[in-house]
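Reader: I would like to go through the charged side chains of this model. Please show it before we start.

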Amino acid sequence: MSNFPYHETILKRFLRYAVINTMSDPHVTNKRPSTDGQLELLQILFNELQDLGIESVVFDKKGYVVAKIESNSDKEITPIAFMAHVDTADDVWGNDVKPRVIEKYDGSIITLNSEYALDPAEHPDLKDVVGSTIVVTDGNTLLGGDDKAGVAIIMSLAEYLMTHNEVLHGQVELIFTSDEEIGSGMDAFDLSLIDAKVCYTIDGNGGGEIEGECFNAATVHIEFTGVPYHLGAARGRLVNSVSMAAAFIQAIPRSESPEATDGRYGYYSVDDIKGTIVHTSLSYYVRDFDSNHLEERIDTLKSVGMSIEKLFPGGKVTFKTTHSYSNMAESIKKNPEVMESIFASAKKIDLPIVEKIIRGGTDGARLTSMGIPTPNIFTGSHNLHSRYEWLSLTYAKEAALLIEEIVNYWAK
């Protein structure tokens, strides 16, 4: 385990990256990446990687930067990769971020602004980082630790490797993606850009958490078509598509929503509804750890749609389903060393870790389905996708030390 100043380098980099507007936009479907700010940050990373002296750096304007730190060992060593995404979510506003650093956090309530505060009574993980440095929001936006903390951690590892040539390692590849938050992060990725046989996303929650299993995920786009008529002569003629959509939503059990489920329970989550009397569209995120159950959920939505057509004679309901990512568990189980490398590396540096499941997904799930097993590693971020998001620099440093040791694991 090195004495490299990860704490300082991660903080410096994260603060620089966090203020760049990289919120992805699910409504933009005619370009990649969906927002220009993501290209801005990717360009910065491209420049910084070259400035570190890395000779092989590719900037794919479809939204990817891939760097290869060449092996400096005479041994044949398995090439590995680390991956993070540059975009932020839109659950709350993800641009115009104003991060605030709190050094030696004293355990008290943190006032974000006049309306919002971080109270350890409501966010008990704060009690575990008393005395250390954390980064919080101003209460108006998310922070962007998902996944700019991961970006900063990987870039700090790159700086360490490029300034410590005495550390023997195989080929280490660094992958930065875009539009992960809208489910299309790997849609245009050119697999020929990498040689890695295993990869690790640095895109997790909290401290010490690793994940080798995630949801199967699909998005179901539903269109409701009504029959317009003047409201004064509507009796027996008008079919209101907004009413159709409302009835559809009410038919889906709230007990199977994200806010009512945890653990291995899947869910339906309605998102992005808009419409008029004649036409209404909405989307459902459908999630389940079992692929068969996922398909059953999709079939359930279609069955509800058929019922809505019967309740609203003359109205039409159509569906379009897009599968976003698959549970990576089975593929990772076929390559057990990728998880063993994490456990062994954590043990080597006396880092307590816990294996969890992801109630979501990562670009790593997509990469796993492409044949490269890619579990997920924590970043030190908490309360992701919310104005209450905060980042622990202690945990972020531990993540950096862990992936440094993973490099050593494969070299040995």
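Reader: Which residues form the negative surface patch?

Author: This is a predicted model. A patch residue needs over 30% relative accessible area, and Glu296 is partly exposed at 46%. Glu296 lies in helix H5, residues 291-311. The negative patch is made up of Asp290, Glu295, Glu296 and Asp299.

Reader: Is Arg297 buried or exposed, and which side chain does Arg297 contact?

Author: Arg297 is also placed in helix H5. Buried means under 20% relative accessible area, so Arg297, at 11%, is buried. Its side chain makes a polar contact of 2.9 Å, and the partner is Asp288.

Reader: How many residues apart are Glu159 and Arg13?

Author: The side chains of Glu159 and Arg13 form a salt bridge, 3.0 Å from N to O. Glu159 sits in helix H3 (residues 145-163) and Arg13 in helix H1 (residues 6-18), and their separation along the chain is 146 residues.

Reader: Which residues make up the salt-bridge network that includes Arg13?

Author: Both Glu159 and Arg13 are buried. The network of salt bridges links Arg13, Arg16, Glu48 and Glu159.

Reader: Asp179 and Arg32 meet in a salt bridge; is Arg32 buried or partly exposed?

Author: The N to O distance in the bridge between Asp179 and Arg32 is 3.9 Å. Asp179 has 1% relative accessibility and therefore counts as buried. Arg32 has 23%, so Arg32 is partly exposed.

Reader: Where is Asp187, the salt-bridge partner of Arg366?

Author: The side chains of Arg366 and Asp187 meet at 2.8 Å, N to O. Arg366 is in helix H8, residues 363-369, and is buried at 16% relative accessible area. Asp187, 179 residues away from Arg366, is in the loop between E8 and E9.

Notes. Residues numbered from 1 in each chain as written. Predicted model: local features only at pLDDT ≥ 70, side-chain atom pairs only at ≥ 80, totals over all residues. Heavy atoms only, no water. Patch = residues over 30% accessible without salt bridge, like charges linked within 9 Å, V, L, I, M, F, W, Y side chains within 5 Å. Areas by Shrake-Rupley, 256 points an atom, 1.4 Å probe, with all protein chains shown as cover. Salt bridge = Lys/Arg side-chain N within 4 Å of Asp/Glu carboxyl O. Lys, Arg positive; Asp, Glu negative; His and termini not counted. Charge placed at Lys NZ, Arg CZ, Asp CG, Glu CD. Helix = DSSP H or I, 4+ residues; strand = E, 2+ residues; numbered from the N terminus. Buried < 20%, exposed > 50% of the residue type's maximum accessible area, 1.4 Å probe, protein only. Polar contact = N/O pair within 3.5 Å; in protein donor to acceptor, adjacent residues only side chain to side chain.
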